[in-house]
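Student: Please take a close look at one part of this model, the nonpolar core, and go on from there to the contacts between elements. I would like each term given with its cut-offs as it comes up.

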Amino acid sequence: MRLITSGQIKAARALLGLTVAELAKTAGIGFTTMVRLESSDGIPAGNVKTLTSVKTAIEKAGVEFIGTPESGAGVRWKA
């Protein structure tokens, strides 16, 4: 799995117009887990399965992750 940052998760959620609770439900994870992932600095520490669930939910909603955590990390609508 390509690494994503907490900033990318927050940006993707904002782009989609979702609340923390809505994204957590869509990804099938707990609200407090989502808050913890977004509160981290840089690459969030967490279970790979949890991060994959969040990434997949965001990508299925039409947003893609671009760049790397070290250079130009961001999100954008899929073309």
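Tutor: What follows starts with the chain as a whole, then turns to the core, and ends with some single residues. The structure is a predicted model, in which local features need pLDDT of at least 70 and side-chain atom pairs count only at pLDDT 80 or more, whereas totals for chains, interfaces and linings use all residues. Residues are numbered from 1 along each chain as its sequence is written, and side-chain values use heavy atoms, with hydrogens and water left out.

The protein chain has four helices and two strands, in the order α-α-α-α-β-β along the sequence; helices (H or I, at least four residues) and strands (E, at least two) are DSSP runs numbered from the N terminus. Its radius of gyration is 11 Å, close to the 12 Å that the globule rule gives for 79 residues, so the protein chain is as compact as a globular protein of that length; the radius is taken over C-alpha atoms, and the rule is 2.2 Å times the number of residues to the power 0.38. Of the 79 residues, 35% are buried, where buried means under 20% relative accessible area, exposed over 50% and partly exposed in between, with a 1.4 Å probe and protein chains only.

The largest nonpolar core holds 18 residues, and those touching the most other members are Ile9, Leu23, Ile29, Met34, Val54, Ile58 and Val63. Helix 1 (6-16), helix 2 (20-27), helix 3 (31-39), helix 4 (48-60) and strand 1 (63-68) each give two or more residues to this core. A nonpolar core is a set of buried Ala, Val, Leu, Ile, Met, Phe, Trp, Tyr and Cys residues joined through side-chain atoms within 4.5 Å. Met34, leaving out residues up to four places away in sequence, touches Ile9, Val20, Leu23, Ala24, Ile29 and Val54, contact meaning heavy atoms within 4.5 Å.

Two helix pairs can be described in detail. The axes of helix 2 and helix 4 come within 8 Å and cross at roughly 105°, the axes being lines fitted to C-alpha atoms, for helices over the stretch in contact, with angles from 0 to 180 degrees between N-to-C directions. Helix 2 and helix 4 are therefore roughly perpendicular, since angles under 35 degrees count as roughly parallel, over 145 as roughly antiparallel, 65 to 115 as roughly perpendicular and the rest as oblique. In this pair, Leu23, Thr26 and Ala27 of helix 2 meet Ser53, Val54, Ala57 and Ile58 of helix 4.

Helix 1 and helix 3, with axes 7 Å apart, pack at an angle of about 120° and are therefore oblique to each other. Here Ser6, Ile9, Lys10 and Arg13 from helix 1 meet Met34, Leu37 and Glu38 from helix 3.

Among single residues, Ser6 in helix 1 is buried, with a relative accessible area of 3%, and, not counting residues up to four places away in sequence, Ser6 touches Leu37, Glu38, Ser40, Asp41, Gly42 and Pro44. Thr50, found in helix 4, is also buried, at 18%; apart from its neighbours within four places in sequence, Thr50 is in contact with Ile29, Thr33 and Leu37. Glu64, which lies in strand 1, is partly exposed, with a relative accessible area of 22%.
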